[in-house]
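This report is a guided reading of a structure for someone who has not met it before. It begins with a single element and then widens to the whole chain and the ligands.

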Amino acid sequence: MKHELNINNAATRVVTKKWGRMSGNNIAEYINLGGFSGLEKVLKLKPEDVIKRIEVSGLRGKGGAGYPAGLKWRCCAGQTGEKYIVSNFSNCDNTNMIVNAMIHNDVYSAIEGIMIAGYAIGADSGIIFLRNTQAVEYNIIRAALEQMRSSKILGKGILKSDFQFDIQVVMGKNNAEKGQEIIILRSLEGLSPVTVCNRPHSAEAGLNGKPTLYHSMETLASVPAILEEGYIETKIVQLIDTENDITLITEVAIGSSIGDVLEREGIPTEGIKAFSFGESMGAIFPPDRLGILLDFDGINNAGGAFGNAVIRILREKECLVDRVMRCYEVSSVECCGRCVFGRMGTAQIYETLKDITKKRGKADDLDCMREIAEAMLLVSSCNQGKCAAQMILSALDFFQNEFDMHIRRKTCEAQVCKGYLSYYISPEACDGCGKCLSVCQRDAIEGEDDYIHVLVHDMCDSCADCVSICPNKAIRIVGESTPKIPDSPIPVGSWKQSRRRR
Ligand code: SF4
Ligand code: SF4
């Protein structure tokens, strides 16, 4: 699959305008491209005037909620005592490469944004939070901060002013420590990374009970651009079209339609079966919804997850049930486990989807999943559970026929779900290890040690559990080139001899 930064073609470059123009995160090059001029300007303004600029710009949090940034800044500025800026640089899932692309291509814009925010609200320290999987990015950020300290742009007497500010980088301890504000703040406080309902607003009592301005990396990276002429609100999106072997990242003006974005990036809109916005956290739509506008309300009202801006295109060779099942696999691992419906609902829907892909779907599965998802939507404590619910509900609303084909007609038209395929054991490849026999719950495999094993089709329900466990890739899909196979187990080695004799 091609992984491209299609930024050079992007019609709109606000946050990404320095991408591709620096060799790594070199501070001298950043300064030559006008870097830190926003901070320099700000240090000559009153903090109140900076907050007004942010309010007038209309900047909204790009991490998902779309909360007006100016309101948060004003609320924090109005608090007294020690304050923090916490910036979420963690990637929300393993597919989403946007944050890491920002860190690798220009980490300074976001750091400059943190410092401008610190000056405006009266904070003298900031924290950058990363996921436990971002060790490379951790080192990049630390090196960038070090360059800033030696250039007297971080620490005391910043840019020869009285402003002092420092930043530390913290990595989460486990996979669950990412994404959501409450989870990240609790992680930084050394508490378990779960959602709680009764936490006060961070701007008043956030990290360690102190006023805290919390923003995503992309929100803060937009801040220096606001101090220049002609600022427009944008969103960095990642487009994935697996069948056409395309993965790219680009920046688009807020308010563009998804169809326009695809066309501009050369992704064919013909032959699209479905598209999703938000990966494991967002809804899945039919192609007649390509007109959905890429803005906070357009995406969130449609059930997508604006913060996780991955747009995935599904075409005819991809199975929608399999896709939703894979998203639930991720959600069931990433759910913090705090609320019953988030934890149990996600797990239950995942198990049901797995059964459907293994040809074990039952007539009432769809109603059952809908009932669970509707409850998740109502009572999950955080967005993780609600977004997972949106995904299955949208899939059931728009693509019920594809689920019906699996459950009632026992067909996966895309031929993706392994459960709808038939298997045989290749007598040439089987070495009689017996691993398949031990995982088969249907007693559909016959054999003993050092005997070529045989799969009994009448007993097999095509669950495919044996396929992945076979060390010799001996369990194969029945197709046009299926060879002759023994009727019952025979000693390893005897098959070739008996074939030669014939
Ligand atoms: S099919 Fe694979 S797992 Fe089963 S006995 Fe043969 S080699 Fe072992
Ligand atoms: S696919 Fe393999 S594990 Fe599953 S029922 Fe058939 S033989 Fe058994």
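In helix H10, the residues Met217, Glu218, Thr219, Leu220, Ala221, Ser222, Val223, Pro224, Ala225 and Ile226 are buried, where buried means under 20% relative accessible area, exposed means over 50% and partly exposed lies in between, with a 1.4 Å probe and protein chains only. The helix, which runs over residues 217-226, is thus described as mostly covered, with ten of its ten residues buried. Helices (H or I, at least four residues) and strands (E, at least two) are DSSP runs, numbered from the N terminus.

The model is predicted, so that local features need pLDDT of at least 70 and side-chain atom pairs count only at pLDDT 80 or more, while totals for chains, interfaces and linings use all residues. Residues are numbered from 1 along each chain as its sequence is written, chains are lettered from A and ligands numbered from 1 in the order in which they are written, and side-chain values use heavy atoms, with hydrogens and water left out.

**The chain as a whole**

The secondary structure of the chain comes to 19 helices and 16 strands, and its C-alpha trace spans about 90 × 45 × 45 Å along the principal axes. Of the 502 residues, 54% count as buried. Among contacts (heavy atoms within 4.5 Å) with a separation of 6 or more, 70% involve residues 24 or more positions apart. The domain assignment gives domain 1 (18-226), domain 2 (234-407) and domain 3 (421-501), with bounds that come from an automatic or database domain assignment. The centres of domain 2 and domain 3, taken over C-alpha atoms, are separated by 37 Å.

**Selected residues**

Two tyrosines and two asparagines can be set side by side through a C-alpha distance for each.

| Residue | Partner | Separation in sequence | C-alpha distance |
|---|---|---|---|
| Tyr84 | Ile121 | 37 residues | 9.1 Å |
| Tyr328 | Ser280 | 48 residues | 6.6 Å |
| Asn301 | Asn88 | 213 residues | 24 Å |
| Asn308 | Ile236 | 72 residues | 9.9 Å |

Tyr84 lies in strand S2, which covers residues 84-88, and Tyr84 is buried, with a relative accessible area of 12%. Not counting residues up to four places away in sequence, Tyr84 touches Ile121, Ala123, Ser125, Leu207, Asn208, Lys210, Pro211, Thr212 and Leu213.

Tyr328 belongs to helix H13, residues 320-334, and at 1% relative accessibility it counts as buried. Its contacts, leaving aside neighbours within four places in sequence, include Thr346, Ile349, Tyr350, Leu353 and Met376.

Asn301 is found in helix H12, residues 296-302, and is exposed, with a relative accessible area of 65%. Asn308, by contrast, is found in the loop between H12 and strand S10 (310-315), and is buried, with a relative accessible area of 3%. Leaving aside neighbours within four places in sequence, Asn308 is in contact with Cys92, Asp93, Asn96, Phe277, Gly278 and Glu279.

**Backbone angles in two loops**

Most residues other than glycine have a negative phi. Leu159, although it is not a glycine, has a positive phi of about 50°; this residue is found in the loop between helix H7 (135-150) and strand S4 (166-171), and counts as partly exposed at 29% relative accessibility. Gln415, also not a glycine, has a positive phi of about 55°, lies in the loop between helix H16 (383-407) and strand S11 (423-425), and is exposed, with a relative accessible area of 61%.

**The ligands**

Which residues are the closest to ligand 1? Cys430, Cys433, Gly434, Cys436 and Cys470 are the closest of the 14 residues that surround ligand 1, where a residue is near a molecule if one of its heavy atoms lies within 4 Å of it. This shell divides into eight nonpolar, four polar and two charged residues; Ala, Val, Leu, Ile, Met, Phe, Trp, Tyr, Cys and Pro count as nonpolar, Asp, Glu, Lys and Arg as charged, and the others, Gly among them, as polar.

The residues around ligand 2 include Cys440, Arg442, Cys460, Asp461, Cys463 and Cys466, and by class its shell has eight nonpolar, one polar and two charged residues.
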